[in-house]
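Biologist: I would like to go through this model with you. Please keep the answers short.

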Amino acid sequence: MPTWVQALLWGTVAGAALVLGSAIAWKWTIAPKIVSSIMSFGAGVLISALSFDLVDEAERGGGLWPTVAGFLAGALVYVGANALLARQGAKHRKRSGGKQPSEKDKPGSGTAIAIGALLDGVPESVVLGLGLVSGGSVSTAVLAAVFISNVPEGLSSTAGMKKSGRSAGYVFGVWGGIALISGLASLIGYASLQNAPAEMVAFITAIAAGAILAMLADTMIPEAFEEHHVLTGLIAAVGFLTAFTISQAGG
């Protein structure tokens, strides 16, 4: 299979996990503690992946300073964009409770939530394509981490969308569109950097990693701790170890 097709395919597969999580939340009402627990697990998975499979690999391939600069740039861009979207009603887009505004409460919030969901998903997909540039094949650990974390993202956000009165057409249109764009983002990440210097690949990889960490702190972790219970930290640790084990077994 041509490498560019792999980039498109795996990016779409990872994005499809959002649709899967969305379908679960639309079909069934999931208890808040379960949603928070699943989100805790997903947050731990992503923290492990960006630590060992993104930042570490970027530094090894392209050096410390391109990695540092890219990571800071990614975090700054994400935080700035997220702050703008929060003012338009997308602040609680991953919350499963009743915090998401309806279109009646906040006109334009539906568009802001959709753009925010796209902002959250694109960096994860780009790194799948970048992995094909540096390694010649998609990273099993990163693919597993993105897929595993996308299920609770779609689940939690859709639960909130449903409570705020969003229609099925809106909900599945958002997640289906993001799944397709995720595939394209992975393809672009691969195609645009095939012959790029190692420092540039490291810089772009680190941008994505910085954006993912900022996304975790701004959106996923608050939802993970929405329903406090004694196992929240343990569940996040299990998610971290799961992704770390996949990474080491694949290496």
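The questions below run from the overall fold to single residues.

Biologist: What kind of model is this, and how many helices and strands does the protein chain have?
Modeller: This is a predicted model. Along the sequence, the pattern reads α-α-α-α-α-α-α-α. The count for the protein chain is 8 helices and 0 strands.

Biologist: What radius of gyration does the protein chain have, against that of a compact globule with 251 residues?
Modeller: The C-alpha trace spans about 50 × 35 × 35 Å along its principal axes. For 251 residues, a compact globule would come out near 18 Å. The protein chain agrees with that, at 17 Å.

Biologist: Which share of the contacts with a separation of 6 or more comes from residues 24 or more positions apart?
Modeller: Contact here means heavy atoms within 4.5 Å. Among contacts in the protein chain with a separation of 6 or more, the share from residues 24 or more positions apart is 85%.

Biologist: How much of the exposed area do carbon and sulfur atoms supply?
Modeller: Buried residues make up 46% of the 251 residues. The protein chain exposes about 10,900 Å². Of that area, carbon and sulfur atoms supply 70%.

Biologist: How far apart are the centres of the positive and negative side chains?
Modeller: The protein chain carries 14 positive and 14 negative side chains. The centres of the two sets are separated by 13 Å.

Biologist: Which helix gives the most residues to the largest nonpolar core?
Modeller: The largest nonpolar core has 25 residues, and Leu 46, Leu 128 and Ile 212 are among those with the most contacts inside it. Helices H1, H2, H4, H5 and H7 each give two or more residues to this core. With 9 residues, the top contributor is H7.

Biologist: What does Leu 54 touch, leaving out residues up to four places away in sequence?
Modeller: Leu 54 is one of the residues with the most contacts inside the largest nonpolar core. Beyond four places in sequence, Leu 54 touches Ala 49, Val 127, Val 142, Thr 205, Ala 209 and Ile 212.

Biologist: How many residues are in the other core, the one with Ile 113?
Modeller: This core lies apart from the largest one. Its members include Leu 18, Ile 113, Met 161 and Val 174. Its size is 11 residues.

Biologist: Is Ile 113 buried or exposed?
Modeller: Ile 113 sits in helix H4, residues 109–135. Its contacts beyond four places in sequence include Gly 89, Arg 93, Met 161 and Tyr 170. The cut-off for buried is under 20% relative accessible area. Ile 113 has 0%, so it is buried.

Biologist: What separates the C-alpha atoms of Ile 113 and Glu 59?
Modeller: The two residues are 54 residues apart along the chain. Their C-alpha atoms are separated by 34 Å.

Biologist: Which residues does Ala 208 touch beyond four places in sequence?
Modeller: Ala 208 is in helix H7. At 4% relative accessibility, Ala 208 counts as buried. Its C-alpha is 30 Å from that of Ser 164, 44 residues away along the chain. Outside the four-place window, Ala 208 touches Pro 123 and Val 127.

Biologist: What is the C-alpha to C-alpha distance between Ala 16 and Phe 147?
Modeller: Ala 16 belongs to helix H1. Its relative accessibility is 34%, so Ala 16 counts as partly exposed. Ala 16 and Phe 147 are 131 residues apart in sequence. In space, C-alpha to C-alpha, the distance is 8.1 Å.

Technical notes:
Residues numbered from 1 in each chain as written. Predicted model: local features only at pLDDT ≥ 70, side-chain atom pairs only at ≥ 80, totals over all residues. Heavy atoms only, no water. Helix = DSSP H or I, 4+ residues; strand = E, 2+ residues; numbered from the N terminus. Rg over C-alpha atoms; globule rule 2.2 N^0.38 Å. Buried < 20%, exposed > 50% of the residue type's maximum accessible area, 1.4 Å probe, protein only. Areas by Shrake-Rupley, 256 points an atom, 1.4 Å probe, with all protein chains shown as cover. Lys, Arg positive; Asp, Glu negative; His and termini not counted. Charge placed at Lys NZ, Arg CZ, Asp CG, Glu CD. Core = buried A, V, L, I, M, F, W, Y, C linked by side-chain atoms within 4.5 Å.
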